[in-house]
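Me: Could you take me through this model by way of questions, with the reasoning set out before each answer?

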Amino acid sequence: MKKRELGRTGILVSEICLGTMTFGQQNTEAQGHAQLDLALDHGINFIDTAELYSIPPRSETYGATETIVGSWLRARGGRDRVVIASKVVGRSNMPWFRPGGEETRLTPRQIRYAIEGSLRRLGTDYIDLYQMHWPDRRIGLFGAGGTTFDAKVEADEVPIAETLGVLGDLVNEGKIRHVGVSNETPWGVSQYLDCAKTGAPRVASIQNAYNLLNRTFEMGLAEIAMREKVGLLAYSPLAQGYLTGKYLDGARPAGARTTLFNRGQRYEKPGVDVAIRAYLDLARAKGIDPVQMAIAFVTSRPFVTSNIIGATSIEQLATILGSVNVEITPELEAEINAIHQIHSNPAP
């Protein structure tokens, strides 16, 4: 398992990061611990969670994932062996996140409330990377807006400088080490970087969706990631499992996430199935596991710091971890890019 620097922090993180959002609904505490153990055994030192998790977000399971990661940390010890990333929710009207059911915002007061809850559930004094899960401003999120910006600029947006101000205070207090963003745009990242010039914490990473069906990160954010050393923490490298082919033609296998929760609309758009079939056919023609090819492609990108993988079984996780042995050769990359040219970003 290779390691890469997280931004300009000097922290080395594994090229594969274990995502944990299934812990607490699809996975029990014991299953979560088993996944964490297997990941650590394979050289993973980077774990991603969030106050939002588990997924789908519900009041009954709010914070469940951080609680499970925290119980694993207490049981295994060695907090300094792992890099923990968590997130504070952006603007939302999910009433269970804050006292009194108020709208969640990236204000200093709410961020302080969120960080104290995350530290308590994780059972740690500090979080290595604390990320804004999505912006305070209203933009198309999680595939809903496609690639077109049509959101209104609103007068009550919490200024990024105000958000970064409290994060700077939390760094000084030792509660977080570094700051990252998630589900961000090139404009948003540029604003965060500008604020850092005046003494605010510098963002170390961008956690956005990136996979064979959605390479929109390459259009603007990839250059920022590489020139500014604000690397991508890629989530959904398997497009929520759609790149396995298990949902083709509307199939709904028992126990699968979309079957259970009906939350796969981002990957059910026109042109998705035909693109998936093209990638599956290529992998099989090359004698490569399609899951491992999709994961290895993401990991191999020069702007990716770490590839956030997730699974609901040890068997799935073992297959995904085997992707580190798959080489994306120039020839294979050319064939992947030829498919992408014809079926570009059907699920942005």
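What follows is a set of questions and replies on helices, ring pairs and backbone details.

Me: Before we start, what kind of model is this, and how are its residues numbered?
Reply: This is a predicted model, in which local features need pLDDT of at least 70 and side-chain atom pairs count only at pLDDT 80 or more, whereas totals for chains, interfaces and linings use all residues. Side-chain values use heavy atoms, with hydrogens and water left out, and residues are numbered from 1 along each chain as its sequence is written.

Me: Is Thr-65 buried or exposed?
Reply: Thr-65 is found in helix α2 (residues 64–76), where helices are DSSP runs of H or I with at least four residues, strands are runs of E with at least two, and both are numbered from the N terminus. Buried means under 20% relative accessible area, exposed means over 50%, and partly exposed is in between, with a 1.4 Å probe and protein chains only. At 0% relative accessibility, Thr-65 therefore counts as buried.

Me: Which backbone nitrogen lies 3.3 Å from a polar atom of the side chain of Thr-65?
Reply: Leaving aside neighbours within four places in sequence, Thr-65 is in contact (heavy atoms within 4.5 Å) with residues including Thr-20, Phe-23 and Tyr-53. The backbone nitrogen that lies 3.3 Å from a polar atom of the Thr-65 side chain is that of Ser-54.

Me: Which peptide bond that ends at Ser-54 is cis?
Reply: Ser-54 has its place in the loop between β4 and α2, and Pro-56 lies in the loop between β4 and α2 as well. A cis peptide bond joins Ile-55 and Pro-56, with omega about 0°. The cis bond that ends at Ser-54, with omega near 20°, comes from Tyr-53.

Me: How are the rings of Tyr-62 and Phe-97 arranged?
Reply: Rings of Phe, Tyr and Trp (its six-membered ring) pair if their centres lie within 6.5 Å, and planes under 30 degrees apart count as stacked, over 60 as edge-to-face and the rest as tilted; by this rule the count comes to 7 aromatic pairs. Tyr-62 lies in the loop between β4 (46–48) and α2 and Phe-97 in the loop between β5 (83–88) and α3 (108–122), so the pair ties together parts that are 35 residues apart in sequence. The ring centres of Tyr-62 and Phe-97 are 5.0 Å apart and the planes stand at 75°, so the pair is edge-to-face.

Me: Which charged end sits over the ring of Tyr-62?
Reply: A charge sits over a ring if NZ of Lys or CZ of Arg is within 6 Å of the ring centre and within 35 degrees of the ring normal. Arg-79 lies over the face of Tyr-126, at 4.1 Å from the ring centre. Over the ring of Tyr-62, 5.1 Å from its centre, sits the charged end of Arg-121.

Me: Over what arc do the buried residues of α11 spread?
Reply: Helix α11 (residues 330–342) has Leu-332, Ile-336, Ile-339 and His-340 buried. The arc is taken from the directions from the helix axis to the C-beta atoms. On the other side of α11, Pro-330, Glu-331, Gln-341 and Ile-342 are exposed. The buried residues of α11 lie on the same side of the helix, because they cover an arc of only 100°.

Me: How far is Tyr-279 from Ile-336, C-alpha to C-alpha?
Reply: The buried residues of α8 pack against α9 and α11, and Tyr-279, which lies in helix α8, is buried with a relative accessible area of 2%. Not counting residues up to four places away in sequence, Tyr-279 touches residues including Leu-212, Met-293, Ile-336 and His-340. Tyr-279 and Ile-336 are 57 residues apart in sequence, while their C-alpha atoms are separated in space by 7.4 Å.

Me: What phi does Lys-229 take?
Reply: Lys-229 has its place in the loop between α6 and β9, and Lys-229 is partly exposed, with a relative accessible area of 37%. Although Lys-229 is not a glycine, its phi is positive, at about 55°.

How values were computed
Polar contact = N/O pair within 3.5 Å; in protein donor to acceptor, adjacent residues only side chain to side chain.
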